[in-house]
Amino acid sequence: MQNKRTCLYDKHVALGAQMVPFGGFDMPIQYAGIIDEHNAVRSHCGVFDVSHMGEVVISGRDAEKFVNHIFTNDVRGLEVGKVLYGIMCYPDGGAVDDMCICKLDNDMFLMTINAANMEKDYEWIRKNSDGFDVVIQFESEHYGLLAVQGPEAEQKVEEVLNIPCKDLPFYEVRTVSKFDDTVIISRTGYTGEDGFEIYGTHDFIRDAWDKLIKSGVTPCGLGCRDTLRFEVGFPLYGEELSKDITPVMAGLSMFVKFDKDEFIGKEALQKQKTEGVAKQLRGIELDENAIPRHGYKVLKDGREVGEVTTGYRLISVEKSCAVALVDSSIKLGDRVEIQIRKKTFPGTVVKKKFYDKHYKK
Amino acid sequence: MAKVIEGLYYSESHEYVRVEGDCAYIGITDYAQHALGNVVYVDMPEVDDEFEIEEGFGAVESVKAASDLNAPVSGKVLEVNEALEDEPELLNKDAFANWIIKVELTDKSQLEKLMDSKAYEAFCAQ
């Protein structure tokens, strides 16, 4: 079966992007190179096509109640225009997906989900909506989505796209009318830099992409999206969160609101939180310049204690780091080793955040 | 279009062999560095290590992936290119000028099984 294409596919090809299959789409992994694209986001501004992500709009009298039922964070009494990150879990606490939810209006929420999980999420959301007075609309095919990220993102969005955003606070969203189009803009992202995510029709997104590129914004592929998110400690579904890695194991308990009456997975997660988990995610910083990769073994005193979920030679700072799922007996400051091909490399257990975020709050 | 140099031997896993007498310099081709993207680490063997043809002798790692180095010929390591320890990106700048290891060839007849520049060019175009 042929992969799907976003509304910007031809523009990526024209820019000479290396295209790869990702989540059922053909997506650009890089244009000029991952390192230059990564640095552009940290120091200036980069634009990502993230139109492959899925949009689900939930509305109706029970919208708030339903979102709270399927989502670990708490949207009760949330003001219109706020954005929350959280996880959708199975009854056993495993993650179906992680996502941001925007409160667009009273009784109206927008969920933005991972491309690779789209069908599964649709099914899960539909299946669990019985008995709720809600309307669920899967809008992915109608929306394009750009992430404009970096210290100059605000200026570019204001001046190049003419979308007012200076006064939009961190993790807030607003709807703007542009000619005949309705555009949704949130001050959110997946890079650890200030920036915006902009939802619009395919025509609007194509035009906005061209304007941004023409104004000198760097086109950025999924390659640097991963290096950027990894440096600041964001999880990627499939690596740091999965049906087997719960939010508690992933260190994301702050996004799980146990004081809610109920939500799918509450009992299992509560049990993990109280009794502890067998394995959890930890950061590891290697002493030397070797590169830990997904699946490499983590050892303590020669005994296997876990494996790497993601690892890189960092780009923003000179360090080789990994996030690994390891036995809970492994604590911060412990010395461990990572098996890389025939050799083992020593390192120290550290927090999962290897580089500081730079937000405008 | 990736650069290919005449007079070298090429493997299907994109290593090249530049023969000098009984010795040879082994590296990765321009096609390989281009496909890999930004090289950030080169895992090299030690001097005096010996390996057989097609055996792994290290890896070249780009930001996103590790790619094994397979020995295009059997040999014993005489020298490793230490410059790559500090500047792995030299492979992106000029893959042919920056060899990875120098070996003493064990069996020169193995060279006949490798591709010449014309055959390799055709192989990459596939």
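Okay, let's start right at a contact between the two chains: Arg293(A) makes a salt bridge with Glu61(B), and their closest N and O atoms are 2.8 Å apart. Before I go on, keep in mind that this is a predicted model. That bridge has company, since the rule finds four salt bridges across the interface of chain A and chain B.

How many residues are in contact there? On the chain A side there are 19, and they meet 18 residues of chain B. Together the two chains bury about 1400 Å² between them, with 45% of that on carbon and sulfur atoms.

Now let's go inside. In soluble globular proteins, nonpolar side chains tend to be buried together. Here, the largest nonpolar core has 65 residues. Which ones have the most contacts inside it? Those are Phe48(A), Leu241(A), Val298(A) and Ile338(A). The element that gives the most to this core is strand β17 of chain A, residues 320-327, with six residues. There's also a second, separate core of 29 residues, and Val56(A), Val75(A), Phe109(A) and Val134(A) are included in it.

Let me stay with Val298(A) for a moment. Setting aside residues up to four places away in sequence, Val298(A) touches, among others, Ile284(A), Ala324(A), Val326(A), Val336(A) and Ile338(A). Charged residues turn up in that list as well, including Arg303(A), Glu304(A) and Glu337(A).

Leu241(A) comes back when we look at Thr246(A), which sits in the loop between α7 and α8 of chain A. Is Thr246(A) buried or exposed? Its relative accessibility is 3%, so Thr246(A) counts as buried. Leaving out neighbours within four places in sequence, Thr246(A) is in contact with Asp92(A), Gly93(A), Gly94(A), Leu241(A), Leu269(A) and Gln272(A).

On to the aromatics. Over all chains, the structure holds 17 aromatic pairs. One of them is Phe230(A) with Tyr312(A), which is edge-to-face, at 5.5 Å centre to centre and 65° between the planes. That pair links distant parts of the chain: Phe230(A) is in helix α7 and Tyr312(A) is in strand β16, 82 residues apart. Both partners are buried: Phe230(A) is at 1% relative accessibility, and Tyr312(A) has a relative accessible area of 7%.

For a pair in chain B, take Tyr16(B) and Phe96(B). Their ring centres are 5.1 Å apart and their planes are at 50°, so this pair is tilted. It links distant parts of its chain too, with Tyr16(B) in strand β2, Phe96(B) in the loop between α3 and β9, and the two positions 80 residues apart. Tyr16(B) is buried, at 0% relative accessible area, and Phe96(B) also counts as buried, at 7%.

Those two belong to one aromatic cluster with Tyr10(B), Tyr120(B) and Phe123(B). Where is Phe123(B)? You'll find Phe123(B) in helix α4 of chain B, residues 117-125. Phe123(B) is partly exposed, with a relative accessible area of 21%. In sequence, Phe123(B) and Tyr10(B) are 113 residues apart, and in space they are 10.0 Å apart, C-alpha to C-alpha. Not counting residues up to four places away, Phe123(B) touches Glu12(B), His14(B) and Met115(B).

One last ring to look at, back in chain A: Arg5(A) lies over the face of Tyr9(A), 3.9 Å from the ring centre.

Methods
Residues numbered from 1 in each chain as written. Chains lettered and ligands numbered in written order. Predicted model: local features only at pLDDT ≥ 70, side-chain atom pairs only at ≥ 80, totals over all residues. Heavy atoms only, no water. Core = buried A, V, L, I, M, F, W, Y, C linked by side-chain atoms within 4.5 Å. Buried < 20%, exposed > 50% of the residue type's maximum accessible area, 1.4 Å probe, protein only. Helix = DSSP H or I, 4+ residues; strand = E, 2+ residues; numbered from the N terminus. Contact = heavy atoms within 4.5 Å. Phe/Tyr/Trp six-rings, centres within 6.5 Å; stacked < 30°, edge-to-face > 60°. Lys NZ or Arg CZ within 6 Å of the ring centre and 35° of its normal. Buried area = accessible area lost by both parts, 1.4 Å probe. Salt bridge = Lys/Arg side-chain N within 4 Å of Asp/Glu carboxyl O.
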